[in-house]
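The following note sets out numbered points for a colleague who is examining this chain. Please read each point with the structure in view.

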Amino acid sequence: MIGEVAARTGVTERTLRYYEELGLLAPARDDGGRRRYSHAVLDRLYRIRLLRRLGTRLGDLDPDAADLRSLTRRHLAELDARLAELARQRERVRAVEDRLLDGTAPSDEALLDLLSGLGGDEATPTRRITLLAYRDLAAAHSWLIEVFGLAPGPVSRHDGQVVHAEVFAGDGVIWLHREAPEHRLVPPLALNGFCTAALAVHVDDVDTHHARAVAAGAVITQPPTDQAYGYREYSVLDPEGHLWSFQTPLPEPHHLEEDR
């Protein structure tokens, strides 16, 4: 079941469901509607996770493109590289320990080597969350899902009122926050329509996404356009004035010399 697979693999249930939405995974369902992960599905999940770890973009994933043997070979190569680096760090620490046991202070160079293996003390970002303020959280949540096709996230209520909601754009989470002037959080509607920031979201087909937004009556501020920085994108406002850009990478320029 999905909970067991999530617990054993460290892949969140939300991520597993998202892979299903993308058509990457298709676990069977039992009579109670619970997901069942067969050997073939687990094999496919391993391929997906390994390709992601090796740097493959989500939109470029093709779990069937490589056989399992070649993927495990790449996995081993990555692990071997990490082990080799750990072995080098261990040897540096052992050399310093030997000097200390002999009553000799480590050199400045040795101390610098040890420090390089510890990393910095700076806080390392581990997750990006975008926060947008809305006056009507329930309406905004429904609109973003129905018009932009964002994945639904949890909705929290207090005394029947929505006080927090979430949507997902690919692997990014967006929190919908109540309008809170005391925290300097207001929608563009409170600023005469002026935006102080914008969101850019990658989609598989920007023209199809644009057509969907137009059909829903969304306010388009720029139609799909090929940009010099390598994306075809369009810009659109949501009902409370937040500016969104949806974009698709343009294909790499094709040079005639490559065909010769």
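1. A residue counts as exposed when its relative accessible area is over 50%, as buried when that area is under 20%, and as partly exposed in between. The model under review is predicted, and the statements below should be read accordingly.

2. Leu100 belongs to helix H4, which covers residues 68-101. Its relative accessible area is 52%, so Leu100 is classed as exposed. Arg14 lies 86 residues from Leu100 along the chain, and the C-alpha atoms of the two are separated by 50 Å.

3. Leu112 lies in helix H5, residues 108-118. With a relative accessibility of 52%, Leu112 also passes the 50% cut-off and therefore counts as exposed. Together with Leu115 and Leu118, Leu112 makes up a nonpolar patch on the surface, and the accessible area of the three is about 350 Å².

4. The structure contains 15 salt bridges. Side chains of opposite charge can pair when their charged atoms come close. One of these bridges joins the side chains of Arg44 and Asp64, with an N to O distance of 2.8 Å. This pair connects distant parts of the chain, since Arg44 is in helix H3 (residues 39-53) while Asp64 is in the loop between H3 and H4, 20 residues apart. Which of the terms exposed and partly exposed applies to Arg44, and which to Asp64? Arg44 is partly exposed at 22% relative accessibility, whereas Asp64 is exposed at 56%.

5. Within helix H4, the side chains of Arg94 and Asp98 meet in a salt bridge of 2.3 Å, N to O. Arg94 and Asp98 are four residues apart in this helix, which means that about one helical turn separates them. Arg94 has a relative accessible area of 32% and is partly exposed; Asp98, with 31%, is partly exposed as well.

6. Arg178 and Glu182 form a further salt bridge, in which the closest N and O atoms are 2.9 Å apart. Arg178 is partly exposed, its relative accessibility being 37%. Elsewhere, Glu20, Arg29 and Arg35 are joined into one network by salt bridges that share partners.

7. Turning to the sheet, in what order do its four strands lie? The order is E3-E6-E5-E4, and the sheet is open with mixed pairing. Strand E3 (129-134) and strand E4 (151-158) stand at the edges; each has a single partner strand, so one side of each is left without a neighbour in the sheet. From one strand to the next, the twist averages 20 degrees.

8. Strands of a sheet pair through backbone hydrogen bonds, either parallel or antiparallel. In which sense do E3 and E6 pair? Strand E6 (residues 172-178) runs parallel to E3, and the two are paired over six bridges. Thr130 has Ile174, in E6, as its bridge partner. Helix H6 (residues 137-146) packs on the sheet and touches E3, E4, strand E5 (161-169) and E6. The direction of helix H6 makes about 20 degrees with that of E5.

Key:
Residues numbered from 1 in each chain as written. Predicted model: local features only at pLDDT ≥ 70, side-chain atom pairs only at ≥ 80, totals over all residues. Heavy atoms only, no water. Buried < 20%, exposed > 50% of the residue type's maximum accessible area, 1.4 Å probe, protein only. Patch = residues over 30% accessible without salt bridge, like charges linked within 9 Å, V, L, I, M, F, W, Y side chains within 5 Å. Areas by Shrake-Rupley, 256 points an atom, 1.4 Å probe, with all protein chains shown as cover. Salt bridge = Lys/Arg side-chain N within 4 Å of Asp/Glu carboxyl O. Pairing = 2+ DSSP bridges. Axes fitted to C-alpha atoms, helices over the stretch in contact; angles between N-to-C directions. Contact = heavy atoms within 4.5 Å.
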